[in-house]
Amino acid sequence: MACFSELTYAIFVDDELPPEEASRVRAHLSTCHRCQGLVAALRVENQALAEVLANPVTAVAKPRFLREFLILVAVIGLAGAGLSWLNGQTAPINLNWLNPFNGEGRINALFNLLFFMQRGGADMLERWAALVGGVCVVFVLGGTMLLLPRSRRLFRAGINLALLLLAFVFPGHALEHRAGSIVTIGQTETINDTLVIHAETVEMDGAVNGDLIAQGRLVAVRGTVKGNVFVFAQHVEIDGSIEGSVVSWGQTVTVHGNVAHNLYSWSQFLRLEPSSEVGMDMISGGADLNLEGKVDRSATLFAHTTAVRGLVGRDLVFRGGELNLSPPARVGGDLVTYVRNSSNVDLASGVVIGGKTETHITHAVSRFSRRHFYVWQAIWLAAAFLVGLVAIWLVPNFFGSVSQGVTQGWRSPLLGFAILVATPIAVVLGAITLVGLPLAILTLLFYGIGLYLAKIFVGASLGQLVLRRNSTSRGQQIGALILGLVILTIAFQIPFAVGKVIHIVTFCFGLGAFAWHIYRVWRPSLTTQG
Amino acid sequence: MRLEESGSQRSRMETLDLETVLGLARGGDEQAMGELHRRFARRVQGLCRHLLRSAESAEDASSEVFMRMARMFASYDDSMPFERWLFSIASHHCIDLLRKQQRERRWLEDEDVETLSVAIAADSPLNELIREERREEVREAIARLPEKFRVPLALRYYGEFSYDQIAQQLHLTRANVATLVFRAKQELRQALMAHGRI
């Protein structure tokens, strides 16, 4: 008798053959050794399958997953350390073009702000103890947030613990908080701590020996502040004497008084009155800037229109619409302007410029017609591909599950959106509320890394989606990655803000999947306790 | 006080046999329902995980299954083992979910089964890997199988459903199911062989 097909034997082993056919198979098996071997192997295979399936996946997968995660953290850490070392190196002038930190003035403003954060953070070293507390709070709060969707009991316990910690940590900061519709600090009043005010109208005529953080509709600072001033208000008036720096956001910002260090402002209207003086640098952006006071060092301005009648000790850098300098304006160093048209810079006679005058004409040229645009895109693509390749090679499980997680439901994009929006807010709050500048900078660093990796994860996922398969081999994964990255690179360039929207959506999906999977690595140990 | 009471009730519940717990649950005892969850959650979650391929969706699905169990409890009679009954709720739910995702609308492709006799069971890499205690690799390969293979495979060898039961759940013929289960194993062998090469 001829042998049966392998399919028949498979059904036979599953005990699913009709009785009469099964008995024919049995009869054949009694005579055919080859088929006996096949059936025995099929039985062993079935048992093996049942055994493999019976064991829960995470119990075995977890240590490996955790190991991969630790490798990932180590690699990110090393890369971060390497970058910061690189940043600290000073390149020879003729190699300066290699330095990615030597970018446009726009980006300079951001770095200057970061620089300020670092510098301003020097006096915060004393607060390391408070920082440790802050880190604990952040960890507990973060952990609580992670547990939020899972266990209500643990969530409640976590919240209680977090509140308790908050209560312990904040008094250590020497922070005084005032709130109300009108908060007035009288001329005779002296506050030895950092003062936080939250009110509709804030009138500060007294003395603050720490920092002043104020938020309201109208904030007038007429007294003395020994530390820095952070103001977020519709109208800001700085009349007094500030011995630190001023950081202000507002619709109108008016400065009559003295700022011993730097002035950073972002406002619709900024006015430096003739009596005002900024002891160091000024970086400012807005629609309408009026500079009649004195800036002892350099002024960097981004504005639609700017009128300068005051003094700038060193360089004046302007980027934007129109700049008007009229006597008695005086610039000790260079006057550097970036404008659309040279006629937009109006230098009245009698204005003194100590150094040279440079006017750069900025062209609104389509980025697609520039060669370096394509070069950068290619570099971005290659770099992203390399990072993805390293990830596939180093941490295949982690990479695989994150990129798979990108397309699983709405949890990823929603979580990603929350992280995308909340992290910058948390960083700003962290930087301002003294919980810890280092922590804020670290968070910012991780945020940046997360954003970068998000695109790679989404690229890998997109590639698999397009190829319509779950890649099993490394080769297929790599192919999917490069395909996805190419699609993303092109999609990001779609004009009329479509590309930007795609970019943001990509961030949401990628960040969400990334964060969720990091959480998945930790969670098993948490749930077994709970 | 109340906490202690419920604690002792729970430990009492743990000592009861399944029949008694089922009887209590039928009478609307919430403690008994909780006990059923405690005993079967792991198994149900395992089935959901194999079907849905993701641990988090499996958890969600599993809690939904137990909610359905509570609602449908009145319809359970002793004609089939309780776990089997629970498994059929779970597999129905997961298959519904998979259908909704519509990732792979077709459960069958028109390929001829017999032409794909590349991997013969006799030297199945599966057995070899299991012998070598490399179950993890097998498990990963199963998770990576396309849905149309993974689902019947998990229903057959984890859920221990018969071909007929699987056919009913997937709206297929019995012959289709036999073919899919067979093909699933072939695909798995191939995937494992390819994996071994890399």
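1. Start with Tyr9(A). In this predicted model, Tyr9(A) counts as buried, because its relative accessibility is 0%. Its aromatic partner is Phe4(A): the two rings sit edge-to-face, 6.0 Å centre to centre, with 80° between the planes. Phe4(A) is buried too, at a relative accessible area of 18%. The cut-off for buried is under 20%, so Phe4(A) makes it into that class with 18%.

2. Tyr9(A) belongs to helix α1 of chain A, which covers residues 6-13 and is mostly covered, with eight of its eight residues buried. The buried set takes in polar and nonpolar names alike: Glu6(A), Leu7(A), Thr8(A), Tyr9(A), Ala10(A), Ile11(A), Phe12(A) and Val13(A). After α1(A) comes Asp15(A), and its phi is positive, near 60°. Have a look at that spot when you scroll through the backbone.

3. Which residues touch the most other members of the largest nonpolar core? Tyr9(A) is on that list, along with Leu36(B), Met69(B), Phe73(B) and Phe82(B), in a core of 74 residues. Helix α3 of chain B (residues 30-52) supplies the largest share of this core, 10 residues. Another core lies apart from it, with 48 residues, including Leu263(A), Val312(A), Leu316(A) and Leu325(A). As general background, nonpolar side chains tend to be buried together in soluble globular proteins.

4. Phe73(B) deserves its own point. Once you set aside neighbours within four places in sequence, Phe73(B) is in contact with Leu22(B), Ala25(B), Arg26(B), Met33(B), Leu36(B), Phe82(B) and Trp85(B). Phe73(B) is also part of one aromatic cluster, together with Phe40(B), Tyr76(B), Phe82(B) and Trp85(B). Within that group, Tyr76(B) and Phe82(B) pair edge-to-face, 5.4 Å centre to centre and with 80° between the planes. Both Tyr76(B) and Phe82(B) are buried. Over all chains, the structure holds 12 aromatic pairs.

5. Two arginines sit over tyrosine rings, one case in each chain. In chain A, Arg319(A) lies over the face of Tyr338(A), 4.9 Å from the ring centre. In chain B, Arg43(B) does likewise with Tyr158(B), at 4.7 Å from the ring centre.

6. On to the cysteines. How many disulfides does the structure hold over all chains? The count is zero. Cys35(A) is a good one to check: its nearest cysteine sulfur, in Cys32(A), is 3.5 Å away. A disulfide needs sulfur atoms within 2.5 Å, so this pair does not qualify. Cys35(A) is buried, because its relative accessibility is 1%. Cys508(A) counts as buried as well, at 7% relative accessibility.

7. Helix α8 of chain A (residues 371-394) has 24 residues and reaches 35 Å from its first C-alpha to its last, close to the expected 34 Å. Its buried residues are Phe373(A), Trp380(A), Ala384(A), Phe385(A), Gly388(A), Ala391(A) and Ile392(A). When you look at how that list is spaced, keep the helix geometry in mind: an α-helix has 3.6 residues a turn, so residues three or four places apart point the same way.

8. Leu289(A) gives a view of a strand. Leu289(A) lies in strand β13 of chain A, residues 282-291, and counts as buried because its relative accessible area is 2%. Beyond its neighbours within four places in sequence, Leu289(A) is in contact with Leu270(A), Ser284(A), Leu301(A), Phe302(A), Ala303(A), Thr305(A), Thr306(A) and Ala307(A). Ala307(A) is 18 residues away along the chain, yet the C-alpha atoms of Leu289(A) and Ala307(A) are separated by 6.4 Å.

9. Finally, the overall makeup of each chain. Chain A has 13 helices and 22 strands, and buried residues make up 41% of its 530 residues. Chain B has 10 helices and zero strands, and from the N terminus on its elements run α-α-α-α-α-α-α-α-α-α. Of the 198 residues of chain B, 49% count as buried. For contacts with a separation of 6 or more, residues 24 or more positions apart account for 30% in chain A. In chain B, the corresponding share is 65%.

Terms used. Residues numbered from 1 in each chain as written. Chains lettered and ligands numbered in written order. Predicted model: local features only at pLDDT ≥ 70, side-chain atom pairs only at ≥ 80, totals over all residues. Heavy atoms only, no water. Phe/Tyr/Trp six-rings, centres within 6.5 Å; stacked < 30°, edge-to-face > 60°. Buried < 20%, exposed > 50% of the residue type's maximum accessible area, 1.4 Å probe, protein only. Lys NZ or Arg CZ within 6 Å of the ring centre and 35° of its normal. Helix = DSSP H or I, 4+ residues; strand = E, 2+ residues; numbered from the N terminus. Expected span 1.5 Å × (residues − 1). Core = buried A, V, L, I, M, F, W, Y, C linked by side-chain atoms within 4.5 Å. Contact = heavy atoms within 4.5 Å.
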